[in-house]
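Here is a short report on one protein model and its ligand. Look at the structure first, then read on.

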Amino acid sequence: MEFEKLINERRSVRKYAEGVSIEKSDVEKIIAAAQMAPSWKNSQTGRYYVAISPEKLAQVREALPEFNRNNSHNAPVLVVTAFEKGNAGFMPDGSQVNELGDMWGAYDLGLQNAYFVLKARELGYDTLIMGIRDEKALKAAFDIPENQQVTSVMALGKRAADPNAPKRKEISDIAVFG
Ligand SMILES: Cc1cc2nc3c(=O)[nH]c(=O)nc-3n(C[C@H](O)[C@H](O)[C@H](O)COP(=O)(O)O)c2cc1C
């Protein structure tokens, strides 16, 4: 799909069609695309915990507040994203390279997640990134190790209705040219 069309079609979808299933192989393609994003010293610290079985889906849904549970209702896959702490943005001796520290891990994961949502759209799926979630419950659901920071839960499914396209700021509001 042409890039401009892809980025315009990608929207946060909060109403998912019933009865859709997604093959594990499609989720793997989406994660493989995410993995192609640049990362600090190619450290690739993004991690993906894919709830695709009814049991895991129920556990991850439990870790969402009601509004996000409703927003992602019927989504057949929920992906918990995390990154390994103390790696991107750190020296081999464990010291921070600069003031951002683990924010570089979050930065890298954000880049990966952007590729994730775009690849999903290219394959005909829709997504919702959910930052409001219960980290402890997600860590327990997948036994996520202490040295990983959970970030978002991403819903993956197919839109049941055309989503809104929230307006963006003007370039002059966000960019400075010197
Ligand atoms: C880090 C992050 C966290 C978000 N958390 C939530 C959330 O918890 N619930 C939700 O409905 N939308 C969430 N969103 C979606 C944003 O509201 C949405 O991306 C924004 O309004 C722009 O709309 P668009 O994605 O359709 O372009 C989140 C997006 C990002 C990037």
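Start with the ligand in this predicted model. Around it stand Arg11, Ser12, Arg14, Asn68, Asn71, Leu128, Ile129, Met130, Gly131, Ile132, Ser152 and Pro166. Two elements give two or more residues to this shell: helix 4 (66-71) and strand 3. Strand 3 supplies the largest share, 3 residues. Sorted by class, the shell holds 5 nonpolar, 5 polar and 2 charged residues.

**Strand 3 and its sheet**

Is strand 3 enclosed or open to the outside? Strand 3 covers residues 126-130, and 4 of these 5 residues are buried, so the rest of the structure largely encloses it. A residue counts as buried if 20 or more other C-beta atoms lie within 10 Å of its own.

Now follow the sheet. It is open and has 4 strands, in the order 1-2-4-3, with antiparallel pairing. Its edge strands are strand 1 (46-51) and strand 3, and each of them pairs on one side only. On average, neighbouring strands of the sheet are turned by 25° against each other, direction ignored.

What holds such strands side by side? Strands of a sheet pair through backbone hydrogen bonds, either parallel or antiparallel.

Strand 4 (residues 148-157) has partners that can be looked at in turn. With strand 3, strand 4 pairs in the antiparallel sense over 5 bridges. Here Thr127 stands opposite Leu156 of strand 4. With strand 2 (residues 77-84), strand 4 shares 7 bridges, and these two strands also run antiparallel. In that pairing, Glu84 has Gln148 of strand 4 as its bridge partner.

**Helix pairs**

Turn to the helices. The table lists two pairs, with the distance within which their axes come and the rough crossing angle.

| Helix pair | Axes come within | Crossing angle |
|---|---|---|
| Helix 2 (residues 24-34) and helix 5 (residues 103-122) | 7 Å | roughly 140° |
| Helix 3 (residues 54-62) and helix 6 (residues 135-142) | 8 Å | roughly 165° |

How do these angles translate into words? The crossing at roughly 140° makes helix 2 oblique to helix 5. Helix 3 and helix 6 cross at roughly 165°, and they are therefore roughly antiparallel to each other. The cut-off is this: angles over 145 degrees count as roughly antiparallel.

Handedness comes next. The crossing of helix 2 and helix 5 is right-handed. The crossing of helix 3 and helix 6 is right-handed too.

Finally, go back to the ligand. Strand 3 is an edge strand of the sheet, and it gives the shell around the ligand its largest share.

Conventions. Residues numbered from 1 in each chain as written. Predicted model: local features only at pLDDT ≥ 70, side-chain atom pairs only at ≥ 80, totals over all residues. Buried ≥ 20, exposed ≤ 12 C-beta atoms within 10 Å, placed from the backbone. Pairing = 2+ DSSP bridges. Near = placed C-beta within 6 Å. Nonpolar A, V, L, I, M, F, W, Y, C, P; charged D, E, K, R; others polar. Axes fitted to C-alpha atoms, helices over the stretch in contact; angles between N-to-C directions. Parallel < 35°, antiparallel > 145°, perpendicular 65-115°, else oblique. Left-handed = near helix turned anticlockwise from the far one by under 90°.
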